[in-house]
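Please look over the structure below with an eye to how its helices pack, where its charged side chains pair, and where its backbone takes less usual forms. The paragraphs that follow take these topics in turn.

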Amino acid sequence: MSEHQPDRPDQPGDDFDDIVRAETTRDPDLAVIEAGSRTLRAQAGRPQGDGVPARPTDPEVDKALRAVEQELAGRWGETKLEPSVTRIEALMDVLGDPQRAYPSIHITGTNGKTSTARMIEALLGAFDLRTGRYTSPHVSSVTERISLDGEPIAPERFIEAYEDIKPYVDMVDAAQEYRLSFFEVLTGMAYAAFADAPVDAAVVEVGMGGSWDATNVIDSAVAVITPIDLDHTDRLGSTPGEIAVEKSGIIKQGATVVLAQQPVDASQVMLKKAVDVDATVAREGMEFGIVAREVAVGGQMLTLRGLGGEYEQIFLPLHGAHQAHNAVVALAAVEAFFGVGAEQTRVMDVDTVRAAFASVVSPGRLEVVRRSPTVVLDAAHNPAGARAAAAAVGESFGFSRLIGVVGASAGKDSRGFLEALEPVLAEVVVTQNSSDRAMSADELATVAVEVFGDDRVQVEPRLDDALEAAITLAEEDDEYAGAGVLVTGSVITVGEARLLLGRG
C-alpha cells in the first residue's frame with residue numbers, strides 16, 4: 001500500500017481546500033460544491049443538456065442562493081432522522097396542501113430511483129405533460145433536486161420557492177418539538193413549486209424508506225418500487241423483507257404498484273401490502289419486462305414489453321443491464337399513469353416513446369467525463385450498485401485495464417462494495433470526499449488491502465491527487481492503451497470529481 005501526498009502549494013487543489021475550510025459554518029456538501037465552482041469553473045463550460053446546473057453567473061443571484069443554502073444547511077441534515085411525517089404534514093396543512101394539486105408517481109427502492117425518475121419524467125414530457133421532478137441527493141447543485149419541464153429549477157425560482165414558504169416554515173418550527181429538517185423544507189419547496197407552476201404530473205423520489213419519508217404526504221395513483229437490497233440497514237432493517245416493510249408505505253389505497261424484480265422476501269411483503277389496500281400489481285418478468293437487449297454505440301438498443309404490448313427499437317443512451325431494467329419499469333409506470341393495461345389495451349405511441357428514451361440523461365451514472373484515458377463516474381454506494389456498475393463497465397467499455405478511485409461514506413458496507421469491484425479493478429486508489437460523512441481514506445484503505453492485497457492499493461486522501469494518480473496509472477504503459485478509470489463510492493465523491501474534471 002503506497003501513500004503519496006506531495007507538497008504542491010501552487011496547485012488549484014489548495015485553493016479548493018482553502019475555500020472549503022472557509023465555509024465551516026455551512027453544510028459540507030454545499031461548501032465543496034461552492035468551492036469547486038469557484039476554483040474550476042474557468043476550466044471548461046458545462047456540457048449542454050446534462051441536467052447539472054452551474055452556479056448562477058449573476059453575482060447577486062449567486063449571493064442570494066448561497067444565503068438560502070446556508071439557511072437550509074443550518075437544519076438537521078439528511079442523515080439525522082426523527083421518523084415521523086408530523087412536521088411535514090403540518091407544513092403542508094398551512095401551505096394549503098399543494099401536494100394535492102396534481103397527480104403524481106411515487107418512487108422508492110434501494111438502487112435506480114433517480115435514473116427511473118428521469119426516464120418517467122422524459123416519457124411524460126414527451127406526451128406533452130408539464131412535469132415536476134423531485135429527486136435526491138444531488139450531484140453538484142442543490143437546485144438539481146427540483147426540476148420543472150425536465151430542467152433543474154432556475155436559481156431565481158429556487159430562491160423564490162424558499163422565500164415563499166419560509167414564513168410558514170417558521171410557524172411550524174415554533175409549534176413542533178423539532179424544527180423541520182433540511183429534507184423536509186426542500187420537500188415543501190418542491191411541492192409548492194409544482195403547484196405554483198402548475199405541473200400536470202409530479203415524479204417524486206423518496207429520500208429514505210417510505211412510510212415516514214417526508215415525501216409520503218402525497219397520495220400517488222402509481223407507486224414504483226425499484227430493486228430492494230441492503231442499504232441504510234441501521235434504520236430500515238437487516239433483510240430485504242424488513243426493508244420492504246418500510247418502503248411499502250408508499251403504496252396507497254387503490255393504487256397501481258409497479259414492481260421491479262425483487263428478492264423473494266421483499267416481493268412477498270409488497271404483494272401483501274397491495275392486497276391489504278386493494279392495489280393493482282404489475283410485476284417485472286410477469287406483466288411487463290425486457291424482451292431483447294443489445295449493446296449499442298453510446299448506450300443500448302432495447303425491445304420492451306409494457307402493459308399494453310411491445311415497443312421495439314428503443315435506444316437508451318445509458319450503459320448497463322440495470323438501466324434497461326430501470327427503463328422498462330419507467331415505461332410500465334407511465335403506462336399505468338395513462339391507464340394502459342386497464343382502461344385501454346393498446347400501446348402508447350412508439351415514436352414518442354423512442355424519442356423520450358433517446359433524450360434521457362442521468363449524470364453520475366456511468367457517465368464518461370474524459371477521454372484518453374477514459375474516466376467514468378458512477379454514484380454506486382452499496383454492494384448491489386457496485387455489482388451493477390462492474391457488470392456494465394465490463395459490457396460497455398471493454399477496458400484492457402481499469403483503475404478504481406473510491407471514496408465512500410462512513411457507515412456503509414465498504415467491504416461488500418470493494419469485493420463487488422475487485423474482479424474488474426486492476427488497482428484501486430483509495431480517497432475521501434470533503435463531506436463530514438466521508439469515511440477516512442486510511443480506514444477505507446485498511447479494508448481495501450484486505451480485499452485487494454497491499455500491492456494493488458494506493459492511498460491519496462485528497463481527491464484531486466487520487467484522480468491524478470489513477471490517470472497516471474492508466475497511462476503508464478503503452479501496453480495498456482485501452483485502460484480506464486472508474487470513480488465511485490458516493491454521490492458526493494462523484495459530484496466533486498465531476499467538478500475537478502471540469503464538468504461542473
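At what angle do the axes of helix α3 and helix α6 cross, and within what distance do they come? In this predicted model, the axes of α3, which spans residues 59-73, and of α6, which spans residues 155-175, come within 10 Å and cross at roughly 45°. Angles under 35 degrees count as roughly parallel and those from 65 to 115 as roughly perpendicular, with the rest, apart from those over 145, taken as oblique, and α3 and α6 are therefore oblique to each other. The crossing in which α3 passes α6 is left-handed. On the α3 side the contact is made by V61, A64, L65, V68, E71 and L72, while α6 contributes P155, E156, F158, I159, Y162 and K166. Sorted by character, the residues of this contact comprise nine nonpolar and three charged, with no polar ones.

Helix α3 also leads to the charged pairs, since E69 in this helix pairs with R55, which sits in the loop between α2 (28-40) and α3. The two residues form a salt bridge in which the closest N and O atoms are 3.0 Å apart, and the pair is described as linking distant parts of the chain, its members being 14 residues apart. Are E69 and R55 buried or exposed? Buried means a relative accessible area under 20%; E69 has 2% and is therefore buried, and R55, at 7%, counts as buried because its value also falls under that limit.

Elsewhere, the side chains of E475 and R370 meet in a salt bridge with an N to O distance of 3.6 Å. E475 lies in helix α16 (residues 463-475) and R370 in strand β13, so this pair ties together parts that are 105 residues apart in sequence. Here E475 counts as partly exposed at 46% relative accessibility, and R370 is likewise partly exposed, with a relative accessible area of 30%.

A further salt bridge joins the side chains of R462 and D465 at 3.4 Å, N to O. Its arginine, R462, is partly exposed with a relative accessible area of 22%, whereas D465, at 7% relative accessibility, counts as buried. Salt bridges can also share partners, and in this way R55, D62, R66 and E69 are joined into one network. By the rule applied here, the count of salt bridges comes to 22.

The backbone offers a last set of features. Which residues does a cis peptide bond join in the loop that holds P373? The bond joins S372 and P373, with omega about -5°, and P373 lies in the loop between β13 (365-370) and β14 (374-378). S372, in the loop between β13 and β14, also has a phi near 55°, a positive value in a residue other than glycine. With a relative accessible area of 61%, S372 is exposed, because exposed means over 50%.

Another cis peptide bond joins S136 and P137, with omega about -10°, and P137 is found in the loop between β3 (131-134) and β4 (146-148). A positive phi, near 60°, is found at D278, again a residue other than glycine. D278 has its place in the loop between α10 (264-276) and β9 (280-283), and at 59% relative accessibility D278 counts as exposed.

Note on methods:
Residues are numbered from 1 along each chain as its sequence is written. This is a predicted model: local features need pLDDT of at least 70, side-chain atom pairs count only at pLDDT 80 or more; totals for chains, interfaces and linings use all residues. Side-chain values use heavy atoms; hydrogens and water are left out. Helices (H or I, at least four residues) and strands (E, at least two) are DSSP runs, numbered from the N terminus. Buried means under 20% relative accessible area, exposed over 50%, partly exposed in between (1.4 Å probe, protein chains only). Axes are lines fitted to C-alpha atoms, for helices over the stretch in contact, and angles run from 0 to 180 degrees between N-to-C directions. A crossing is left-handed if the near helix is turned anticlockwise from the far one by less than a right angle, and right-handed if clockwise. Contact means heavy atoms within 4.5 Å. Ala, Val, Leu, Ile, Met, Phe, Trp, Tyr, Cys and Pro count as nonpolar, Asp, Glu, Lys and Arg as charged, and the others, Gly among them, as polar. A salt bridge is a side-chain nitrogen of Lys or Arg within 4 Å of a carboxyl oxygen of Asp or Glu.
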